[in-house]
Every structure is written in C-alpha cells, then in structure tokens.
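Biologist: I am new to this structure. Please take me through the ligand site and the helix packing.
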Amino acid sequence: MTERPLYVTQPQLPPLDEFLPMLEEIWHSRQLTNGGPFHERFEQALCEYLGVPHVCLFTNATIALVTALQALRIGGEVITTPYSFVATSHALLWNGIKPVFVDVDRVTMNLDPAGIEAAITPQTTAILPVHCYGQPCDVAEIERIADTYNLRVIYDAAHAFGVRTPAGSILNHGDLSVLSFHATKVFNTFEGGAIICRDAKTKQRIDQLKNFGFVDEVTVVAPGINGKMSEFNAALGLLQLRHIDRALEVREQVAQRYRAALAGVAGLQCLPAGPSQGRNNAYFPIRVLPRYPLSRDGLYERLQESGIFARRYFYPLISSFPMYRGLPSAAAGHLPLAEQAAREVLCLPMHAELDPGDQQRVIDVLRDPLTR
Ligand SMILES: *Cc1c(COP(=O)(O)O)cnc(C)c1O
C-alpha cells in the first residue's frame with residue numbers, strides 16, 4: 001500500500017464559497033490593481049490584526065526587501081545571516097550592496113549580536129537579520145548596536161507573521177520589517193508580501209517606490225519598480241485573515257504533539273518552544289545529533305521512503321552559493337554554528353491540515369527509523 005505523501009507545508013486555503021462574492025465585486029468594479037478598494041481594506045485589516053502602524057502591500061517579499069533597502073537608501077556593506085532563504089541576500093546584491101555574513105546563535109539560529117558588533121566597518125550602513133522559523137531575534141541587543149553605531153535595521157520577517165512578544169508585535173522592531181505571503185508561508189495570498197513601517201512619510205516613499213516612482217500622473221521621483229499587490233491577492237488576504245487564528249491554533253497543537261512524542265528520542269532535539277503567547281509555529285525544525293541512528297540526510301531519505309517530504313531548511317547556506325562564496329565573510333571557518341545547523345536541521349511537516357493520524361506516521365519513523 002502506498003500512503004499519501006506528506007509535505008513539509010501545505011498551502012492554507014479558505015472555503016471557496018467565501019471567496020466567490022469577493023471575486024464578483026472585483027469583476028463588477030473593473031478595478032484590478034493599482035491600490036483598489038481591497039488593497040486599502042487589506043492594509044487596514046493587517047494593521048489592526050498585527051498591531052502595527054503602517055503596512056505597504058507588495059507582490060512578493062523579495063521585491064519588498066529590495067524596495068525596503070532602497071527606501072532607506074542603504075548602500076555599502078550590510079551585515080546579514082547565511083542561515084536563511086537565499087532571497088534575503090539576493091535583495092542586497094540587487095541593490096549593489098556587499099553582504100557581510102555573521103554566524104548565528106547556537107540555539108535560535110538567528111544572527112548572533114556579538115558577531116554583528118565584531119563585523120562593523122566604516123562601510124557598514126545596516127543590519128538585515130531574519131526571525132528564523134518565526135523565532136524572534138535578540139531585538140533589544142540589535143537595537144542597542146544599531147543605536148551605538150548609527151546603523152539601520154531591516155528585519156526579514158518572512159517567517160514571523162503574527163509573532164508577538166509581551167511588548168507587542170515583533171514587527172514593530174527595527175526601521176522596517178518585511179513579511180512574505182507566499183503560498184508556503186503561515187499566512188498566504190498565493191504570492192504576496194508587505195513592508196511594515198513606523199511613520200506615514202516612510203509609507204509614502206515606499207508606496208511611490210513600488211509604483212515606478214510615480215507621485216502623481218506626471219511626476220516620477222525615483223527609479224521605482226512594479227511591486228504592487230493586485231486586487232485578487234488583496235481580497236484573498238482579507239479572507240485568509242478570517243481563518244488565520246484557527247490555523248495558528250492547529251499549528252500549536254501539532255507542535256505540542258511533536259514535542260511530547262520526541263521528548264524521549266535520543267539524538268533528536270527540538271528547538272526551545274519560546275513564549276507560549278505569540279509564537280506562530282511557522283516551521284517545526286529538529287536537530288539530528290550524531291548519536292541518532294541515522295545521519296540527518298539518512299533520516300531525510302528514510303522519511304521520503306515513507307512518503308514524508310521533510311525539508312533541509314536551510315541547507316546549503318546562502319554563503320556557499322556561487323555568487324556569495326568568494327566573499328571573505330563567506331568562509332566556512334567564519335560561520336561554524338551556521339554550518340552545523342545546515343548539517344543537522346530538518347524541518348518536519350507542519351501545517352494546519354496535518355491531522356493526528358498523518359502526524360503519527362512521521363513520529364513513528366522518527367522513533368524507530370531502522371524498522372519498516
Ligand atoms: C520566503 C522567504 C522570502 C521570499 O519571500 P517571497 O514572498 O517568496 O518573495 C524571503 N526571506 C525568507 C526568510 C523567506 O523564507
């Protein structure tokens with residue numbers, strides 16, 4: 001018997017019948033993009049849901065990252081993490097900025113503040129950290145460093161939708177934060193993204209940059225890009241918001257079942273759970289340690305034989321791709337903890353449609369990988 005495949009993520013979709021009236025509204029209005037009514041409503045709704053002052057919607061997070069760097073006129077060198085999706089660093093190259101890689105924290109796999117401070121040069125203009133797997137960076141220490149050295153901070157918050165600390169949304173830290181609404185993320189609009197900013201003037205500049213640099217019909221003030229979100233995606237986002245809390249609850253249940261089931265398995269290590277309020281369980285990463293009966297890659301293949309498609313996020317490191325590996329900061333010896341994480345971490349299936357029976361299949365393999 002072949003069992004149905006289980007993927008690391010499954011796109012969250014709302015009931016189709018709830019979307020149809022919205023589509024009819026778009027069809028009737030004939031306004032398909034360029035800041036239409038759904039775009040406006042979705043921005044407002046996100047501000048309220050996330051608890052942030054301003055949201056600028058985008059066609060995807062990569063264009064949003066590129067635009068965020070332009071909005072703050074960042075150049076020179078930017079300190080960032082090698083342990084992320086490649087779009088984080090690509091946004092720097094698209095702006096002619098030199099990435100400077102710094103090693104990650106052993107536990108959270110987020111940028112290590114001590115390493116940031118050591119990497120600052122007269123050319124450094126900004127820090128681009130990632131809230132990896134939705135786990136908050138050490139925002140207080142990063143803020144202290146940024147203030148001390150007069151640096152800007154742009155958080156790649158692609159994994160951090162809805163993440164809160166006791167002080168409020170994690171997205172309120174730094175100068176800007178960038179969200180991704182890609183199909184594989186916790187909250188999706190098929191494709192989409194957003195920049196979170198603190199003041200109306202910055203929002204205005206970002207909104208101009210995502211619309212070719214237009215200020216009005218006849219005035220163009222910057223070589224902007226087309227980063228606009230369409231009405232289709234904005235309407236879908238508005239609808240997804242109705243269901244996101246339930247999806248986050250289910251993810252929490254999935255995470256708790258994994259934690260309970262894997263607690264006694266020698267050689268497998270979960271990440272610390274973090275505060276119970278405000279985590280989003282965007283991913284479920286585990287470390288496969290040397291005392292486990294299989295290597296990380298061995299386990300990855302063993303799971304595949306059972307139709308379970310775990311993912312090695314993030315392997316290979318960004319710093320090992322051809323366009324980065326020549327940088328002095330990309331040397332493996334400079335990034336030992338990121339290298340170790342890339343060798344040891346496996347992300348297990350984690351999404352709101354993973355039912356307990358399917359999850360048990362994953363757990364059974366993890367507990368007893370040599371039997372089948
Ligand atoms: C998914 C992701 C991106 C890119 O998001 P898109 O919306 O697909 O462009 C950027 N950074 C990180 C960390 C991501 O996981």
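Biologist: How far does a polar side-chain atom of Lys185 lie from an oxygen atom of the ligand?

Modeller: This is a predicted model. Lys185 is among the residues that come nearest to the ligand. Its polar side-chain atom and the ligand oxygen are a pair that counts as a polar contact within 3.5 Å. The distance is 3.2 Å.

Biologist: Which residue has an N or O side-chain atom 2.8 Å from a nitrogen atom of the ligand?

Modeller: There are 14 residues around the ligand. Those that come nearest include Thr62, His159 and Ser180. Thr62 places a polar side-chain atom 2.6 Å from a ligand oxygen. The partner of the ligand nitrogen, at 2.8 Å, is Asp156.

Biologist: Are helices H3 and H7 parallel or oblique to each other?

Modeller: H3 spans residues 61-71 and H7 spans residues 200-209. Their axes come within 10 Å and cross at roughly 125°. Roughly perpendicular ends at 115 degrees, and roughly antiparallel needs over 145. H3 and H7 are therefore oblique.

Biologist: Which residues of H7 make the contact with H3?

Modeller: The crossing of H3 and H7 is right-handed. H3 brings Thr67, Gln70 and Ala71 to the contact. From H7 come Arg205, Ile206 and Leu209.

Biologist: Are H8 and H11 roughly parallel or roughly antiparallel?

Modeller: H8 (residues 231-262) and H11 (residues 356-367) have axes 11 Å apart. Their angle is about 30°. Angles under 35 degrees count as roughly parallel. H8 and H11 are therefore roughly parallel.

Note on methods
Residues numbered from 1 in each chain as written. Predicted model: local features only at pLDDT ≥ 70, side-chain atom pairs only at ≥ 80, totals over all residues. Heavy atoms only, no water. Axes fitted to C-alpha atoms, helices over the stretch in contact; angles between N-to-C directions. Helix = DSSP H or I, 4+ residues; strand = E, 2+ residues; numbered from the N terminus. Parallel < 35°, antiparallel > 145°, perpendicular 65-115°, else oblique. Near = heavy atom within 4 Å. Polar contact = N/O pair within 3.5 Å; in protein donor to acceptor, adjacent residues only side chain to side chain. Left-handed = near helix turned anticlockwise from the far one by under 90°. Contact = heavy atoms within 4.5 Å.
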